[in-house]
Amino acid sequence: MSREKLATLGLDLPLFPTSTVGSFPKPDYLVEARAKAAKNGVSPTELLALERRATEFWIRTQEELGIDVLVDGEQYRGDMVAYFAETMGGFSRGGLVRSYGNRYYHKPVITGEVRWKEPITVDWWRWTQSLTTRPVKGMLTGPYTIMDWSFNDHYLDRKAACLALAREVRRELEALLEAGVRIVQIDEPALSVRPEELPFAVEAMHQVVDGLPAYYIVHACFGAFETIYPGLLDLPVDNLDLAISHSALDLLAMFEKNPFTKDLSLGVLDVHSHLVESAEEVRSRIRRGAEVLPAARIWIDPDCGLKTRTVEETRQKLATMVAAVRAVRAEAR
Ligand SMILES: [Zn+2]
């Protein structure tokens, strides 16, 4: 069914389309420039030039590796929630909190009515898409995760904050679609934090996407998926992107019990490990997926963003992934 949707959007993708989850590591020159920029040692214009240089590097790298659906690599983003909150009205910047490892970010605080003021991701999308003939995904952080990773000093409860955010995320989506985006990934890593809230997370997703024509992927990770499956299938999207390789739980066995009804982006690379998977390991993960779901409904990608890996590890892992996909495609013929 979703293959038909891709066709109506003018997208002709090979069997097992390859993509990535969004973030790539920042080259050293950009990490240094961002640190200096925070102390006013680098001007915004200089920083933008370096962000563009790094973005173009990742577009070329994805093309050389043979990835089918590209991302811009998020070289200009720090934290995925703060990036959106800083551009929207109704937020103020909170104190530093630890996200994971030794990374810290300013947790946003909702202090008033949240409000989309201007396009947030559109200029980057338009520019990166102009660099390549392959489709580039639009990348949004979902309303549930923005709500969960912010302090709420304004709305009555979490649901009210989430639904208010959904209305504003929809405006960003509308701007992206107007620019020509056809594939949109909505990141909802917080989705399984409180399983009892899944119904309003689903309601919020309806508010974001209903009636807007695109192929939608929801990326969820950090998951205790057994607590939100099969309810997760109520999300009104085409494709669910789940961390499979890192998960101790055999998600695929779960799908044998409760059939998975959407396209699946099958995470086949562990983004938390320095070790580069062997091609055989990746091939067997893909084959395992194809035992449970029709091959035509499977996309292949890493478990999550690759920003914590080195540039070289990222290239090697993705090269292995593409080689494995090519081998499995050949077998399927
Ligand atoms: Zn993730």
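Trainee: How many disulfides does a search of the whole structure find?
Mentor: Keep in mind that this is a predicted model. To count as a disulfide, two cysteine sulfur atoms must lie within 2.5 Å. Searching the whole structure for disulfides gives a count of zero.

Trainee: Okay, take cysteine 162: how far away is the nearest cysteine sulfur?
Mentor: Cysteine 162 takes part in no disulfide. Its nearest cysteine sulfur belongs to cysteine 221, and the distance to that one is 17 Å.

Trainee: Is cysteine 162 buried or exposed?
Mentor: The cut-off for buried is under 20% relative accessible area. Cysteine 221, at 5%, falls on that side. Cysteine 162 has 0% relative accessibility, so it counts as buried.

Trainee: Now the sheet. In what order do its six strands come?
Mentor: It's an open sheet, and the pairing is parallel. The edge strands, S3 (138-141) and S9 (298-301), each pair on one side only. On average, neighbours in this sheet are turned by 25° against each other, ignoring direction. Reading across, the order is S3-S5-S6-S7-S8-S9.

Trainee: Which residue in S8 is the bridge partner of aspartate 241?
Mentor: Let's look at S7 (residues 239-242) and S8 (residues 263-267), which pair in the parallel sense over four bridges. Aspartate 241 has its bridge partner in S8, and that residue is serine 265.

Trainee: And at about what angle does helix H7 run to S3?
Mentor: Helix H7 covers residues 158-179. It lies across S3, S5 (183-187) and S6 (215-220). Relative to S3, helix H7 runs at about 175°.

Methods: Residues are numbered from 1 along each chain as its sequence is written. This is a predicted model: local features need pLDDT of at least 70, side-chain atom pairs count only at pLDDT 80 or more; totals for chains, interfaces and linings use all residues. Side-chain values use heavy atoms; hydrogens and water are left out. Two strands pair if DSSP finds at least two bridges between them. Helices (H or I, at least four residues) and strands (E, at least two) are DSSP runs, numbered from the N terminus. Axes are lines fitted to C-alpha atoms, for helices over the stretch in contact, and angles run from 0 to 180 degrees between N-to-C directions. Contact means heavy atoms within 4.5 Å. Buried means under 20% relative accessible area, exposed over 50%, partly exposed in between (1.4 Å probe, protein chains only).
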